[in-house]
Structures are given as C-alpha cells and as structure tokens.
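Here are some exercises to work through with the model open beside you. Try each task yourself before you read its solution.

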Number of protein chains: 4
Amino acid sequence: MTEIFITEKLKKVLPQIQEFVKNEVVPCEQFLHTKPFIELEKSELLALRQKVKDAGLWAPHLSESEGGLGLSLMEFGQVSEVLGYSPIGHFAFNCQAPDIGNMELLHTHASNALKEKYLAPLQKGEIRSCFSMTEPEFAGSNPTRMQTTATKEGEYYYINGHKWFTTGADGATFTIVMAVTDATNPNPYLKASMIIVPLDTDGFELVRNISIMGEAGSGHHSHAEVRYHHCKVPTSYLIGKEGEGFKLAQERLGPGRIHHCMRWIGICERVFEMMCSYSAMRELETGVPLASKQVIQHWIAECRANINAARYMVLHTAYGIDKQGASAMRVEISTIKFFVANVLQQVIDKAIQIHGGLGLTDDTLLSYWFRHERAARIYDGPDEVHKYVVAREELKKYKVKI
Amino acid sequence: MTEIFITEKLKKVLPQIQEFVKNEVVPCEQFLHTKPFIELEKSELLALRQKVKDAGLWAPHLSESEGGLGLSLMEFGQVSEVLGYSPIGHFAFNCQAPDIGNMELLHTHASNALKEKYLAPLQKGEIRSCFSMTEPEFAGSNPTRMQTTATKEGEYYYINGHKWFTTGADGATFTIVMAVTDATNPNPYLKASMIIVPLDTDGFELVRNISIMGEAGSGHHSHAEVRYHHCKVPTSYLIGKEGEGFKLAQERLGPGRIHHCMRWIGICERVFEMMCSYSAMRELETGVPLASKQVIQHWIAECRANINAARYMVLHTAYGIDKQGASAMRVEISTIKFFVANVLQQVIDKAIQIHGGLGLTDDTLLSYWFRHERAARIYDGPDEVHKYVVAREELKKYKVKI
Amino acid sequence: MTEIFITEKLKKVLPQIQEFVKNEVVPCEQFLHTKPFIELEKSELLALRQKVKDAGLWAPHLSESEGGLGLSLMEFGQVSEVLGYSPIGHFAFNCQAPDIGNMELLHTHASNALKEKYLAPLQKGEIRSCFSMTEPEFAGSNPTRMQTTATKEGEYYYINGHKWFTTGADGATFTIVMAVTDATNPNPYLKASMIIVPLDTDGFELVRNISIMGEAGSGHHSHAEVRYHHCKVPTSYLIGKEGEGFKLAQERLGPGRIHHCMRWIGICERVFEMMCSYSAMRELETGVPLASKQVIQHWIAECRANINAARYMVLHTAYGIDKQGASAMRVEISTIKFFVANVLQQVIDKAIQIHGGLGLTDDTLLSYWFRHERAARIYDGPDEVHKYVVAREELKKYKVKI
Amino acid sequence: MTEIFITEKLKKVLPQIQEFVKNEVVPCEQFLHTKPFIELEKSELLALRQKVKDAGLWAPHLSESEGGLGLSLMEFGQVSEVLGYSPIGHFAFNCQAPDIGNMELLHTHASNALKEKYLAPLQKGEIRSCFSMTEPEFAGSNPTRMQTTATKEGEYYYINGHKWFTTGADGATFTIVMAVTDATNPNPYLKASMIIVPLDTDGFELVRNISIMGEAGSGHHSHAEVRYHHCKVPTSYLIGKEGEGFKLAQERLGPGRIHHCMRWIGICERVFEMMCSYSAMRELETGVPLASKQVIQHWIAECRANINAARYMVLHTAYGIDKQGASAMRVEISTIKFFVANVLQQVIDKAIQIHGGLGLTDDTLLSYWFRHERAARIYDGPDEVHKYVVAREELKKYKVKI
C-alpha cells in the first residue's frame, strides 16, 4: 500500500527494473562463488553492466543529462529496493556505495576539471572510487577525532595517515580522503577537508583487504586498510573548500542512509520470500510443511509488519528530503537508520532459523547477508549515535540539552 | 512527515480540534476521579459535549448531512489520534466505541424505522448503545462458537443467551446482539444474525459491570456481563438479513480497528509527551535531569521510531480503505492491529519506568492506560489471530493453506 | 532440580507449608473482594493467622527462640516462594514486608527497651509497622536526597518531612522514619538516621492511602502519603547510631530483596500453573485446547526456563549470604533484583494473553499481580540502578570507575 | 557463586586447566589464520596436545583407567567451560565433538573388538571420527525421516545414502552412521541402527566440505556432505543392537548437550571479557571510555545476569544427570539447550556492537563465534523442538497431550 508514492515515471521503469533484476541479475549471483569479485568485474559483471546500459536503465540515480533516469530520491528509493534484492544489483546499475556517494559529492562540489577527470568516467562505470574516513585508532562514533593530515606546501597537499574500512579500494582509481587541514581550529567540525587522492600516487599503500566475517573479498567487494605516506596531490584536488570536510560528509551521508535503508528493505523482501517459500516447501512429514507451524507463521507476520513499517518510514523520509532537503530531515534519517537496520537483522535471523542447517551454509544467500549486514547497525553511525540524535531533538522541546 | 495525508479539510479542522482537546477536554479529565462515569455523563461531560456541538466539531465521523464533518477514513484517523490524546476525547465528540461502530452499522444496514428510532438519537448523543457478541463460555478468537439464540416465532425473535464484555451496557438504551438464527447451517459463518434489543426489554439482565483491572466502572466506562432470558423483540429489529451476522461484524470491525489504532496512537503521543517532559523535569541531582541518562534517551528514540512507524502504517491502511474498501485491506488491518497494540504497550511501560513510583499511582493517567489498554492486544481479535491472518495471506502466494 | 538446596529441616516443613497454603490460605483469597483489607485483618485474616500459629508455622523467618522456625536465608527463601503463591501468604505467616524488614532491623540494632515495646508485639503479630523513606520530591534512585529532618533538642527529636509509599501505614502502630540528622556532613551517606515514630504522635498525618493502579487499598494493603509536622519523639527511639541511616537501610534491603525475589517466584509459579491449566482446559473448538497452539507452548517453555533460572540465581545468592554475608553478595543481589522482576512481568503478561478477556477481569488473580507487581521493577531500586551496580563491579576489574 | 559445585577434585585441576588454557592454548589461536586446520592438526596442534598430555590433563572426560581425569558430568561441565574459552580448547584436550560423543557411545555399546580397533586410538588422539545422521532431504527436527539404508546380506551391511553436516569427516578414520535397518517397523523409532563405517571403505564419498558462513574449513573444523554408495561393512560393526539407533542417539545427545552448553558458557565468558575490556579501553574522547555509556553498562549487566543464569541451570542439570541419569533430566536438558544458545547469541551480538567496525573483522574472535555459533540454536535440535519438549512435559500434568 505504498501506491501513493508510485509516480508516473515509476509506473514505467519499476516493472522494467524488476524484470531485469529477476531475469538478468539474479542468475549472475551464482558467479559470486566462482571467482574473486575483482575478476568478475572484468568479465561476467562487465557483461551484465552492458546489458543494463542496453536496457536504458543505467545509473538510475543520475539526472537524464548525465545519463541516468532523473529520479527524485523518493523514486530512486523504490528503485534501490528492487536492486537490493540481489547483492550485485546496485553494482550492476552503477549505483553502489561508495561510488554513488562520491558521484553526488563531485557533482555538487568538484571543480570542472575534477568532474571531467574523475566524475565522468565514474558515472560511465569505467572506473571505481573509494572513500577514506574511518581510522582504526578512533571510535567511528566520534568522527571529529582523526589523525590523518593534509599539509599544504605551495600547490600541493602532503597527506599522511592511516584509515580502514575504505570500501572498494582494491581496484579503485581514486579515493576521497578526509584529512585534517586546520588542526588548530577551535571548532572540531571545521578542521578537516576532503581531497581526492589517485591510488597510483606514490606513498599510497593498500595494507590489506581486511578479512571481515570470514572473507577478505576483492575489488568492489572488499574493505581495505590503507596508509598514506606523504602522498602528494595538487591543491586543486580539494573538494569544496578547506574545512568543509564534515559539512560535505554530512551532506553525503544523509541521502546515503536512505540508499542503504532502501537496499536493506530489498534484502528484507528477498529474505522474506525465501522464508515463506522454504517454509511452504520444506516438509516435516509428508504433506506437513514447516509453514503449518504457528511459530513460523508468527515470524512471517511479524517480519511482514516490520518490513512494511520500515518501507513507509523510509519513503516518507525520502519524500521529505525531496521537498525540504536532507538537513530538515536529519532526525527522520537517524530514525530510519537504526529502525531499518534492526528489522533487517531480525528478518535474516528468522529466515536462517527456518532454513535450519541449510541456512548456515553458503548454499543460499542468507549466510552472506547474515555476515555482511551485521555491519548495518554499525556503519554510517551505530544505532546508539542515531538514537541519541532522535532523543536530543525530542528533548529540545523541553529545553533539555543532552 | 505525514503531511502527504494532510488534506485541505484537515488543515482547517485539525488545529481546531487540537486546541479544543487541549483547552476543553484535558481539563475535564480531573473529574474522572470525582464521581462515577455514569454521573459525569449527565453533568460535566454533558456540558463538554455541548461545547463540542457549539464549536461545530460534533461527531466528526458522520457525513455533513448527518451533522458530522464529512471526513474520509484517512482524515478521520488523524482526528481520532487527536481525540485519543485524552481518555474522554472520543466520548466528548460522540465517536466512542461501541457507539461509532453501531452508527456505521445502522446507517448502512438498518431499516428507516430503526434509523429514525435508534440511529438519529444516537448520532445526536441523546442515547447510548452497546454491542453484545463475546460469550464467556467460548474463546473470542473463534467467534463462530456461540450459544446465544434468537428463535423466530411469528413476528418476534425470542433471544436467550449469555454475553460479556458488552461495553457500556450500563445506561445504554439498546444493544445489538449477535445470536444464532440458523443453527443447522453447515457454514458456521452463516448461522448468526444481528438484532437490536432495547435494554428495557423484559428478560434482559445486566448481571454486573465486570470488575476489570481493579475497576467495575459505570456508564460508558464499563463492561457488562448480561443475560438474555427469552427476550422478545419484533423481527423488524433485525439488522441486514438473517445469517449476515458475521458479514456485518466483519464490516463493522474493519474500520473499527483503524479507529482503535489511531486512538492508541493518540495515547502513545500523550504518554510520549509525559515521558519526555517528566525526564526533562525530574532531577537525579540538582541540574541533572533523568533525561541525561542514555538509557532513557534510547527509550525515547525507540518509542519515537515505533510511534512514527505505527502512524504511517495506519494512515496508509486508512487511505487504502478509502480507495478500495475494507475488504481489500483486510491483511493491512490485521497488521496494524497487532503492531500498534504492541507499540502502545511498550510506550506505556517505558513511561511508567521513567516516572518511577509516581507512574504506579493514579496521580497520572499512566496507570489508567497501563491497566485498561492491556486489553488492546486482546479485544477485536488477539494478536495471535491477526498474525495468523497476515501469515495466511503471505503463504497463499506459495500455495500453502494454513 | 534444586534438591541440592533442600535441607533436612525443609524436607519436614516445606511440605507442611505447601499443604497449609493450598488448604487454608488459598481459600481465603476470596475474601479480598468482600471487604477492605483493614477489616479482613481483624476477622478472616486474624483467624487464618491463628491457624498458622496452631500449625506451628508462625513467623518462619524468626529464630526458634523468638518463636520462628530458625531457618537460614536459603531455607527461608524456599518458604517464601511457597507463601508467595498467594497474595496473602506472607501476611498470614507474619513475614510480610515491611514488617519483616523492620523485625530484622530492630532485632539487630534496637535497644532492649524498644525491642520489648515494639519488636515483641510485632513478632507476635499483635501490631503492624511501616517504613518511611521515599519522598515524593526526589527520585528514589538517589536516596541521599532527602528533605525530612530530625532536629535534636534535649532528649527529643523533632521530625518534619513529607514521605510517600509508606506501605501499610494505615492501621500501623509505628513507623521507622529515615530523616536527616546531620545535614552538614560532607558525606551524603552519613547524614541520615532511622528513628521510630509511633503513629499516634502529634503531628503525624496520614495524608492519604495513595490510589495505586486503580486501588487505594487499606490496612496492610495500602501505600500512604504521610507528613511529619514537628513530631516529637525521645532520642532513645533512634535505631542504631546517628548517621547510620544508610548503612542500616542497606543492611535491611539486601535480604529484603531476596524475600521479594522469592515471593515473586512464588507468584510466577502460581501464574504459570494458571497459564498451563487454562490453556489445557479452554477450547478453541471441541477437543482442541488452547494448549495445542505452538505459540502458547513456546510461551510455556520460555516461562518455565526463565522461572527456573530465576530460582537458581536467588537460591545461590541466599546461600552466599548465609555463608559470607549480604555485603559480599551485593552484586548478586542486584543481579537477581532486576532479573527476577523482569521474569515476573513476562510470565504475568503471557498468562493474561492466554486468558484473553478473562485475564483482564478481576475474576482471576492475574489482574491483581499485573497491576501491583509492575512495581517490582521500581521499588527497592529500579532496574536501572541495579544494572549500574552490576556493571560497575565488572568494570572495576578493568580499572574503570563508572 | 557456584562454589557449591566446586569439588575437591576441581579445586585441584580447575586452576591448572585455567592456567594451561591461558598460557598455552590461547597463544595458539593465532595459528588459525595461518594454515588450514587439517595441517594445524599435524603441527602446532599436535604439539599442543602433547603439552596437554605432559601436563596430565589429557581427555578430562574419560575415567582414570582410560587415561582421563575421572570427573563427574557436573565436574566435567566446569572443565568444559574453561576449555570453551578458546575455539581450540576442546580439541587440544581431545574432548571435542563429535569425538567425545563417539567415545561415550563406543565405551558403553561397542564390542570389545571395536573398542580395541577404534575407541582406543580415539581416546589417545591418534585418530579422529565423525557422526553421520542428518540428511539434506529431511528436516532435522524430525529425525525419524531418513533415506539412508543398511541392507544386511550375510555378514555384511550394504549402506546407501546421503548425509550432511558430518562434522570432521575430512581427515577422520571412521564415521558412525545412522541408517535404516528395519524399514517396515511400524514404530519409526525402531527403524534405524548405528554402524561404524571406516572412511576408506569403497563407496564412501566425501562430496565436499560444505562452505558454512563463508568458510569450508578443513580437518576437524569442517562439516562434510557425504554419500554412501553401497558401502560394505561387517555386521560386527553394528553398535548396540539393530533398531537401537534412536535410543543410542538420545543417550549420546543428552550429555552432549551439556557439553555444548558448557562450552558456550566458556565462549560467553571470553566474549564478556572482551566486551568489558574493550569498553574500558576504547575512548570516545580522551579519558572518556565507551564504558562510561549507560547503555553499554546495561548490556554488561544483562549479559552478566544471563550468563550466570545459564551456568546455574547447566550445572544443576549436570548434577541431576550424575544423580539420576540423563533420561530423568530430559526436560532440563531441553531447557538449557535453548536457553543457553540464546544467551550466547545475545552476548556475541552486544560484544560486536561494542567493538564497532573491529567487531566485524576477523582481527578478533568475535566474528568467528558470530558466524559459527549461529548454529547453536539449530544443531542438536533447534530451539523450537526443545521448547516443544518442555511444554509437552508441563502440559502432561494437565492431561493434555501435544
């Protein structure tokens, strides 16, 4: 019953994308087990991306002039859900994090020269990028603590630092790094800037693809620990202005959280389908499917309710961002971030329990999501930070500052 | 961010109703402790109802021609939330259960004679009514089991039976009773009919106002156990057709659940306000309010998220009913019934914990709702029945019948 | 499987007490609805107490020389569970709070004169007492904040203050009041003292029996708001030494929490029986009891597991107190306080859901416990305080002071 | 406060084992990342096992005459907790599943010839074994459904079938297979038998080490899919009698669940330590550790309470088995199975949340347990089966058969 959000444009493209995901993307999932992701990027996934382009569905988040579908955030949210149905959906359509966020950032804040050099090929899917913010030495929930520095000398920045969870660094062309450019600024939110660093810069070290939940991964499906050893880049590689790092990060993360949330809802729907279809098919005794068990019926009902609730909240938030901007929707964004991440975890957990031993194996996608989406409650701000934001806003009404 | 649901009409009347509730209804809550409800109905609440009429806000659920505001269900839902803010809000506006459901039923299915005799004064608030369905001997979750009978002899029904949870029987003018008229019908859903019984009919016995959660209550605020001892009523007191009892009950309950859900959301908002304002005001030490505690902040954030989710789900469901009818929204109605009832219980529980000892006393409304809204997970179908309905629908897609 | 805790003494008396509760106490519960508790105390409950004495089971917590059964705390815990099975069990055996705590306090810290005057008749059940600590103006979770003062002039204290939740003040002979005697002491834990105030002292005002969860109650079943207007009592009415108020309170509360926890487990067992027997008896259709539903089976299993866990934790804690004293078991006491209170609430909630409409009425005891044991998570320290105590202790091992 | 369970023997060996685990086992965990487990078994872990033997702590579950420590189950439970502290603890001491269960089975039910050939080297750690029961085609929660057959012809069984989750098949010397020997027996519990199959038997196929939660593993750390293609083994390889398969399985699983539960509690304690130490060390700002956050304190307190509850329940159950046998403790065993598995999952989840990004990586053991102990709620009977067992027993008291 979200038809109130189905625009004319969506009536046209959403079914197309659903069909495409079902017929073209899902069959490609089998390749995930056959070779490293970075090789898939050059073979099966390259072919898949070409099919997306051929179907006229490429980069749905971009404006039509940039080669996209020209969707509002509320519209794109619904597309993103459909893509989230598959772990390779967003990649196939070139709207995967962190590239999608970087595209938005460059689009709005990069110089024309940078746009031409980095944004254009990124939009076309010719290169990949990454985003380097979190540092192992500091709690991510307080992003103002940071040791990476960009020291300006003449027309160059010299960057030194240590980052991790730089997603997709393996095989990327450039990163956007968050580095302190004004260490003595009394306002911690004005200390840092965002700067492009091509990954072939001397001194850039990809220490390792971190082994996460049993897999180091590769290519876009990897999260790197990296070091910047006196990396020299032109000052023109600055994005926005000096000291705007946090402002831009905030701008980047707002819609980014909508993207994540809608992708999670896509996962929820896929997992929910698996839950229902498996319990309908798997028999306890001949003619007695798992679905006959009341406890499983209740899980199905509770998951259905929670997924619906999650979708409504996210679409209303996206609608609000379209109307009033991300900043006005700050609290709503925090609300959905923790709400949807927890629904996702619940749905996956119940689906695994229903699948029994099979749910533990890598023969289904459940294990993949169980392992890799535990992160949903942590990245882009842990639950605890977002709950704080919501409570802070409510308590303001009563003149309490927390 | 439910502005998508704010119609022109609501832009006008919603603020009026909010003001009225705040300025006129809430101050009347103090009277709840001073005398039995049935006496309040004749004094302070009578005066309050007159003020509602004077303000042109009477019976907002009715069409304009019937003296109401002519709202869609989606619009009325939002009014109902505002009225739910106070335990006497719906009564003040003459849209309290079970009368509102009876009005809908009579409006659609009663003869003109019955409408004139019973509906008209009910709409004006001159009389009250009740609804007699649940029987103590049978589990309410299987409504087809019923011992009350209406035996037709000539132009009369003779009704015999035993019912309880006949809300508001104390002081009511008539009840609509569900009774078996066709005991041998093989389809259990075709056995019963709905018949009006004036409460002054010989043989009608109000056994007791059942003591519920510490209070027997009186008047509209009571739930009676009643017996029908060979009550004789004209066959013209039948509503709809013979055997349509369940059909009408279903029709009555669909929107009725929306009403309940929106009323609960009104309670949630009031309780949420109490939660925030008390934790902002109450000090652990000088200058250190309860609100400074992170655990309380998390409760506030989680309640906020859940209330928002609840509201979105209910309004989308109401919108769907307006567009497609209650029957098409059957599953959505079941979804909100259990979802919102559980949110309500969570919000009340946290608010009590925050209020500490005070939350246990009757010095605030928390105790009232804690006691009387535990029923929300039971009446109009317990959680378990509604979860079954949702699961049944999902599993149908996989050819499983549960 | 707690037989490891069944001593020779318990093998003898526990079955006797179980029989007595079943045959004598439970049948008296019906009187709770017939007259105010304060009148029952003089009639039916007086007779019941005489039967307890006649059976040689009186005051099981007292030493044999004081007329009790001479049980260890671990033994008494198991008796307390059996008494907790009925809401009048502890009262019948004269080991109800707050009298039992007061007896312990006077036994250990009162002068012989006070013992003779107050303790002796209290032990015999000839009088009742109360305990006056919490103040409405301050959060109970910080007990050092207190406005009630006892000013010494010559051989008298003059007491002024405002207290609430003074349980059983209605009809009691004396209270033990916590009052500030040394306001300027820099250590907030050394400011207060405990002093006996006979309730017929001039200036003692029982403002009201607070209406709690729908009932003001009376006699022992009431919680009073009281005021001390310049109440004059001899300095010899001091218990322990001046400034020892908090030390004594702590001493009093440790075993007191064991008593509560074991009483709660008694309630849990009674409610669990109701849950099982009702779901075994109540039919959805002929021959299909509620117990056939898997969800109800799961509730039964989960409640069983949690009650067992609760009992083990409490008995081990009681055993530890017997061996090492309450102070060494401080953290374990906090652990059971929040753990058991939450199990209790869960068990009651599920039992009500299983009973449906009946569970909401006062026709069973469920409503009584639902209403009056919501307090379990609040009195004697809310959950939040006890969780803090446990975490503080664990974190000490890592040199963190919280 | 489980000192009531600390026997003289434990006072001696438990501290030794704790020291050994800390000083010898934990430092070996680093090797888990360096080579496949099956290679570790021949190098670092072989050396570690020798150290265990040298320390006189080998195979603590065996009787002294068999080279073990001669512990009761209640004593061994406490040892098992200590070993569970490390993912290689049980393996180091040769009491890892499934070998420990197979040792018990062979000890009680195998012929002397089989004992000499298979049990003796198993006890010495010279060989490994596996256990082949679950079949991919059937829900494990109904173990009577099975397609694997053992057809007797003369002095041989010919075994055909398909199994999975045959833990440790990779590198094992023999398996005990559950196969149908009497397909027409009307009692489904009398159809199957247990038979030893050496893994070098013709027709035995190790199809694959199943990739589980991202890892196929190897050696003892693997779970195989296997096929039996007309495997021929002597009838003397039968364990117990024909048709006793389920009886033996039940016997094997009872104490086996105690072993798992105590191992899980060991994991819980290790994870709890990580949770506390990390929150004590990790700073949000200089001097402000994560542990200063109230929400984290509550998690610590709740985990502490739940782990304690789990340990009490398991030790009381072990004590009961020692006194009365596993069969008398059947319900208690089911109770701990689901209770402890859920506590484990909660503790791991909270620890990950506290560790943030680090908790997702394989740089700590949290990811290992998060991934591999999700199975705890599934293997050896899913939660749902054990809850059913508990409820069935309780409802028997009310004459309801479920």
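**Exercise 1: a proline in chain A**

In which loop of chain A is Pro98(A) found?

Solution. Keep in mind as you go that this is a predicted model. Step one: find helix H5 (89–92) and helix H6 (99–109) of chain A; Pro98(A) sits in the loop between them. Step two: look at the bond leading into that proline. The peptide bond from Ala97(A) to Pro98(A) is cis, with omega near 0°. Step three: ask how common that is. Most peptide bonds are trans. Step four: try chain C. There, the bond from Ala97(C) to Pro98(C) is cis too, with omega near 0°, and Pro98(C) lies in the loop between helix H5 (89–92) and helix H6 (99–109) of chain C.

**Exercise 2: two residues with positive phi**

Work out whether Asn94(A) is buried or exposed, and do the same for Lys399(B).

Solution. Step one: place the residues. Asn94(A) is in the loop between H5 and H6 of chain A, while Lys399(B) belongs to the segment after helix H13 (383–396) of chain B. Step two: check phi. Asn94(A) isn't a glycine, yet its phi is positive, at about 60°. Lys399(B) isn't a glycine either, and its phi is near 65°. As background, most residues other than glycine have a negative phi. Step three: count neighbours. Asn94(A) has 25 C-beta neighbours inside 10 Å, so it counts as buried, because the cut-off for that is 20 or more. Lys399(B) has 9 C-beta neighbours inside 10 Å, so it counts as exposed; here the cut-off is 12 or fewer.

**Exercise 3: the surroundings of an isoleucine**

Describe where Ile321(C) is found and which residues it touches, leaving out those up to four places away in sequence.

Solution. Step one: Ile321(C) is part of helix H9 (residues 294–324) of chain C. Step two: with 24 C-beta neighbours inside 10 Å, Ile321(C) counts as buried. Step three: list the contacts. Not counting residues up to four places away in sequence, Ile321(C) touches Leu73(C), Pro255(C), Ile258(C), Ala326(C) and Met329(C). Step four: compare sequence and space. Met74(C) is 247 residues from Ile321(C) along the chain, but their C-alpha atoms are 8.2 Å apart.

**Exercise 4: the largest nonpolar core**

Which residues have the most contacts inside the largest nonpolar core?

Solution. Step one: this core has 533 residues, and those with the most contacts inside it are Ile195(A), Ile195(B), Ile195(C) and Ile195(D). Step two: take the one in chain D. Setting aside residues up to four places away in sequence, Ile195(D) touches nine others if you follow the list: Ala150(D), Tyr157(D), Ile159(D), Val177(D), Ala179(D), Val233(D), Tyr237(D), Leu238(D) and Ile239(D).

**Exercise 5: chains C and D**

What rotation superposes chain D on chain C?

Solution. Step one: turn chain D by 180°, with 0.0 Å of shift along the axis, and it superposes on chain C with an RMSD of 0.0 Å. Step two: that's the relation of a two-fold axis. Step three: the C-alpha of chain D nearest the axis belongs to Ala309(D), 2.6 Å away from it. Step four: look at the contact itself, where 38 residues of chain D meet 37 residues of chain C. H9(D) gives the largest share of chain D's side, 15 residues. By class, that side has 21 nonpolar, 10 polar and seven charged residues. Step five: 97% of the interface residues of chain D are also interface residues in chain C, so the copies meet through the same surface.

**Exercise 6: chains B and C**

How many residues does each chain bring to the contact of chain B with chain C?

Solution. Step one: chain B brings 32 residues and chain C brings 33. Step two: on chain B's side, H12(B) gives the most, with three residues. Step three: sorted by class, the side of chain B that touches chain C has 13 nonpolar, 11 polar and eight charged residues.

**Exercise 7: two crossing helices**

At roughly what angle do the axes of H13 of chain A and H9 of chain B cross?

Solution. Step one: the axes come within 8 Å and cross at roughly 90°. Step two: H13(A) and H9(B) are therefore roughly perpendicular to each other. Step three: among the residues that meet are Tyr388(A) in H13(A) and His298(B) in H9(B). Step four: the contact divides into six nonpolar, two polar and four charged residues.

How values were computed:
Residues numbered from 1 in each chain as written. Chains lettered and ligands numbered in written order. Predicted model: local features only at pLDDT ≥ 70, side-chain atom pairs only at ≥ 80, totals over all residues. Least-squares fit on C-alpha atoms with pLDDT ≥ 70 in both. Contact = placed C-beta atoms within 7 Å. Helix = DSSP H or I, 4+ residues; strand = E, 2+ residues; numbered from the N terminus. Nonpolar A, V, L, I, M, F, W, Y, C, P; charged D, E, K, R; others polar. Axes fitted to C-alpha atoms, helices over the stretch in contact; angles between N-to-C directions. Parallel < 35°, antiparallel > 145°, perpendicular 65-115°, else oblique. Core = buried A, V, L, I, M, F, W, Y, C linked by C-beta atoms within 7 Å.
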